[in-house]
Amino acid sequence: MPVKTVKGTRDIFYPDIEKWRFFEEMARGVLKTYNFKEIITPIFEYTEVFARGIGEDTDIVHKEMYTFKDRKGRSITLRPENTASVVRAYLEHKMYAEGGVKRLFYIGPMFRYERPQKGRYRQFFQLGVEVFGSKSPYVDAETIELVINILEKSGLKGLSVKLNSLGCEKCRPVYRENLKKFLESVKDNLCEDCKRRVDTNPLRVLDCKVPSCKETVKNAPNIQQSLCEECKEHQDRVFHYLETMGVKYEVDPNLVRGLDYYTRTVFEVVSENLGSQNAILGGGRYDNLVKELGGPDTPAFGWALGIDRLVLLLDDNAFDFSNKTIYVIPAGDSIDYCFKVAKSLRESNLPAEVISDSKSLKKALNFVNRQNGRYVIIAGESEAEKGIVVFKDLDKRTQKEIGFEKLSEELKDEIDK
RNA sequence: GUGAGCGUAGCUCAAUCGGAUAGAGCACCAGACUGUGGCUCUGGGGGUUGGGGGUUCAAUUCCCCUCGCUCACCCCA
């Protein structure tokens, strides 16, 4: 095997691609009904966009980016996520000047240099949304409801929605210090990783899976009880709207997200049917990012969904993979006639394939069988002379003659759509 | 970056304690069968056993290195 895909990347093709397209088209439809507009940003940006947008201290920026120098020596990075790029675009095109609320969605590949495993790839695909210009908790709730809607239309089971608030620039630092003090006092009971995190990312300790850490952290100060009045009020209203909208959720005070920019609402949807990479989407509010990147003070909310992981969960049985192609088979020197027939079918929006390379009718029929094909049209010399075709339904084991002119009309009754 | 498991034909897998020309099923190609299908029968093409090195009279088998895949850790979608 001379050349292979790069580690952590893969080819996606039939039949899996059918599931991708189903999801993508369904999601686009839903997004349209919430008045989201698509944005396509470049898959690479100046490294600075991500370094500043995601946060220098995050793992993503630290060790997971595909960064290289272009021919002029500028540092370029393949996007590890898309929020930073969308914010950059929002600012570059001064979209804030329109006033009001801006709703954008994107869909496309992201790149992270990580060790691949189930549900985790170096090139993976995300569908995401960003809402700019609203600090209303209604936006938090509705944007979450939007993605729950998409998930429900995907037919997924065994999902749970986890919700938390990380506070704002006023209450978070206070909480962070209190937590740090607490963790220092119980440091001996923590795992090695967590001992390190006490300084680098104390909130992350709350989410550690090591049993001893879980136990230790049970008595840690709870962010839910440390929220300031405004944050508390915001969260209560998010809860209220979610309940009105019929979205079921659970509050998880230990939910922290890996990106620096989140404020207040954070959420995550996990599946019990994936491996250890069980988060299929995550997101939250980021009220300071736009300002930090040099824009006007603009509150924002967004989420990103892992399409690879979602497709992994889609039930094969929910898809019709049956072969609806009408195979057009020549007999004798009738390939010209076959094309006429196929053309006619295609004009009527019926999928047709001419079998031009088969040495015999028998072999052609054999081929169709192996393709799990059902419909065959024999368009041989004698049919061409009479201006008819022979239509066969291989499942029903029936065949009949149809006049060329009546082809699409008659087939509409025969073909199972 | 760390750890574990696995790499044999296109696919799924065999190959005894280290032993002969590495086999089978499915798939593919051809014929029986020159205009009517899934069956059957016959024949055929396919492999540097992931790669490199070592031990041995002899390596798919044992050892080392390396690459790849998978899962887990870290982290995340």
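**A colleague's note on the predicted model**

1. Let me start with the enclosed space: searching the whole structure turns up 2 cavities of 30 Å³ or more. Please keep in mind while reading that this is a predicted model. Chain A has a mean pLDDT of 90, and 99% of its residues reach 70 or more. Confidence in chain A is highest in strand S1 (residues 37-38), at 98, and lowest in helix H7 (residues 192-200), at a mean of 74.

2. The largest cavity holds about 40 Å³ of space. Its lining is made up of Tyr-34, Phe-36, Arg-103, Val-131, Tyr-138, Val-139, Glu-142 and Thr-143. Helix H5 (residues 137-153) gives the largest share of this lining, 4 residues. Sorted by class, the lining of the largest cavity has 5 nonpolar, 1 polar and 2 charged residues.

3. For the second largest cavity, the volume is about 40 Å³. Here the lining residues are Leu-163, Asn-164, Ser-165, Gln-235, Val-238, Phe-239 and Thr-265. Strand S7 (159-165) and helix H10 (229-245) each contribute at least two residues to the lining of this second largest cavity. That lining splits into 3 nonpolar and 4 polar residues, with no charged ones.

4. Next, a sheet to find in the viewer: 3 strands make an open sheet in the order S2-S4-S3, with antiparallel pairing. Strand S2 (44-46) and strand S3 (66-69) are at the edges with a single partner strand each, so one side of each has no neighbour in the sheet. On average, neighbouring strands of this sheet are turned by 30° against each other, direction ignored.

5. Within this sheet, S3 and strand S4 (residues 75-78) are joined in the antiparallel sense over 4 bridges. If you would like a pair of residues to look for, Lys-69 stands opposite Ser-75 in S4. Helix H2 (residues 47-54) packs on the sheet and touches S2, S3 and S4, while its direction makes about 80° with that of S2.

6. Now to an open space, the second largest pocket, which contains about 280 Å³. Among the 14 residues lining this pocket, Glu-45, Tyr-46, Glu-48, Val-49 and Arg-88 are the closest to its centre. S2, H2 and helix H4 (83-92) each provide at least two residues of the lining of the second largest pocket. So the strand S2 and the helix H2 that packs on its sheet both take part in this lining. The lining of the second largest pocket consists of 8 nonpolar and 6 charged residues, with no polar ones.

7. Another open sheet is worth a visit: it has 5 strands in the order S13-S12-S14-S15-S16, and its pairing is mixed. Strand S13 (352-354) and strand S16 (398-403) are the edge strands, each pairing on one side only. From one strand to the next, the twist averages 25°.

8. Which strand does strand S15 (residues 388-393) pair with over 6 bridges? The partner is S16, and the two pair in the antiparallel sense. Across from Lys-392 you will find Gln-399 in S16. Helix H13 (residues 335-347) lies across strand S12 (323-329), S13, strand S14 (373-378) and S15, and runs at about 170° to S13.

How values were computed. Residues are numbered from 1 along each chain as its sequence is written. Chains are lettered from A and ligands numbered from 1 in the order in which they are written. This is a predicted model: local features need pLDDT of at least 70, side-chain atom pairs count only at pLDDT 80 or more; totals for chains, interfaces and linings use all residues. Side-chain values use heavy atoms; hydrogens and water are left out. Two strands pair if DSSP finds at least two bridges between them. Axes are lines fitted to C-alpha atoms, for helices over the stretch in contact, and angles run from 0 to 180 degrees between N-to-C directions. Contact means heavy atoms within 4.5 Å. On a 1 Å grid over the protein atoms alone, a cavity is a set of points where a 1.4 Å probe fits but cannot get out, and a pocket is an open set with protein on both sides within 12 Å along at least five of seven lines; lining residues have an atom within 4 Å of a point. Grid points are joined across faces, edges and corners, and a volume is the space filled by probe spheres set on the points. Ala, Val, Leu, Ile, Met, Phe, Trp, Tyr, Cys and Pro count as nonpolar, Asp, Glu, Lys and Arg as charged, and the others, Gly among them, as polar. pLDDT is the predictor's confidence in each residue, from 0 to 100.
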